[in-house]
Amino acid sequence: MINNIFEDLGAGKIVLEEDIKEENWEEIWKENFKPIEIPPFIILPEWEIYEGKDLIPIRLKIAMAFGTGLHPSTQIMLSLIPKYVSQGDKVIDVGCGTGILSIAAAKFGAEVDAIDIEREAVEECKINAWENGVSINCWQGSIEDISKTYDVVLSNLQMEIFDKYFKDLKDKFKKYWLISGIFKDEKEKIIKMCQNNDLDIIEVQSKPEIGKPDDLWHGFVIKHK
Ligand SMILES: C[S@@+](CC[C@H](N)C(=O)[O-])C[C@H]1O[C@@H](n2cnc3c(N)ncnc32)[C@H](O)[C@@H]1O
């Protein structure tokens, strides 16, 4: 990333400790990332070819950002998207990371905007959109920079972010708001916030943390009353 900044400024390529670590990280990622099935999707590293017909491939080139499909909170969103995103919907993916959810929504025919506060995530989202042959309008920004409203808002974030931005996000969707990233008893907080803001929860999906069956992650589908 630092090299990008230096190259943007017209300097040559420099080698820093961080870059070596990043390269190692990419090697580790290449050696360890195997296809993950989250029906109807299958998440593949970009060098793998999916020859089946039953699943929709999402190919990820790199994943320094969050969103490889391994985390239960991402998996919850991936299983909700086919039910709540329709052809032609305008969708925003808030905190896009690798762009995995944006790609899934675009594959269901949505027009997708994607934002993340991290520049690296925005770069990865753009690369991964191209890898998957979908068009995503991806930009660096935070929740307060969202000026439009959308049919569907996708937000796999953390409880602290929902604490801060719940009211901003609730005004950004028309049909559905999909929330994920809610851990254990944080669920009660989301339920309360919906009650206090004239919102109905129409579906809840929960998945355990890998190897810890009692530690549940929760996802919600929310509508205006
Ligand atoms: C849990 S990750 C989700 C990544 C991906 N969407 C997924 O579902 O796997 C949350 C992402 O939100 C981004 N983020 C955190 N605060 C944000 C904010 N205020 N506005 C936009 N993005 C934010 C983080 O940089 C991170 O990439």
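**Exercise 1. Which residues of the largest nonpolar core touch the most other members?**

Before we start, a word on the model. It is predicted, with local features needing pLDDT of at least 70 and side-chain atom pairs counting only at pLDDT 80 or more, while totals for chains, interfaces and linings use all residues. Residues are numbered from 1 along each chain as its sequence is written.

*Solution.* Begin with the terms. A nonpolar core is a set of buried Ala, Val, Leu, Ile, Met, Phe, Trp, Tyr and Cys residues joined through C-beta atoms within 7 Å. Buried means 20 or more other C-beta atoms within 10 Å of a residue's own, exposed means 12 or fewer, and partly exposed lies in between, with C-beta atoms placed from the backbone. The largest core has 52 residues, and A105, V152 and L154 touch the most other members. Now take L154: leaving aside residues up to four places away in sequence, its contacts (C-beta atoms within 7 Å) are M77, V91, I92, D93, V94, L101, A105 and L178.

**Exercise 2. Work out the strand order of the sheet that contains β6 and β9, and place the helices on it.**

*Solution.* Strands here are DSSP E runs of at least two residues, and helices are H or I runs of at least four, numbered from the N terminus. Strands pair if DSSP finds at least two bridges between them. The open sheet has 7 strands in the order β6-β5-β4-β7-β8-β10-β9, with mixed pairing. Its edge strands are β6 (136–140) and β9 (199–209), each pairing on one side only. The twist averages 15 degrees from one strand to the next; axes are lines fitted to C-alpha atoms, for helices over the stretch in contact, and angles run from 0 to 180 degrees between N-to-C directions. β5 and β6 run parallel, joined by 5 bridges, and D113 has N137 in β6 as its bridge partner. Helix α6 (159–170) packs on the sheet, touching β4 (90–94), β7, β8 and β9, and its direction makes about 175 degrees with that of β8.

**Exercise 3. Is W47 buried or exposed, and where does W47 lie?**

*Solution.* First find the loop: W47 lies between β2 (41–45) and β3 (56–60). Next, count neighbours: W47 is exposed because 9 other C-beta atoms lie within 10 Å. Then look at the flanking strands, which belong to an open sheet of 3 strands in the order β1-β2-β3, with mixed pairing. β1 (36–38) and β3 stand at the edges with a single partner strand each, so one side of each is left without a neighbour in the sheet. Finally, β2 and β3 pair in the parallel sense over 5 bridges, and I43 stands opposite I58 in β3.

Conventions. Two residues are in contact if their C-beta atoms, placed from the backbone, lie within 7 Å.
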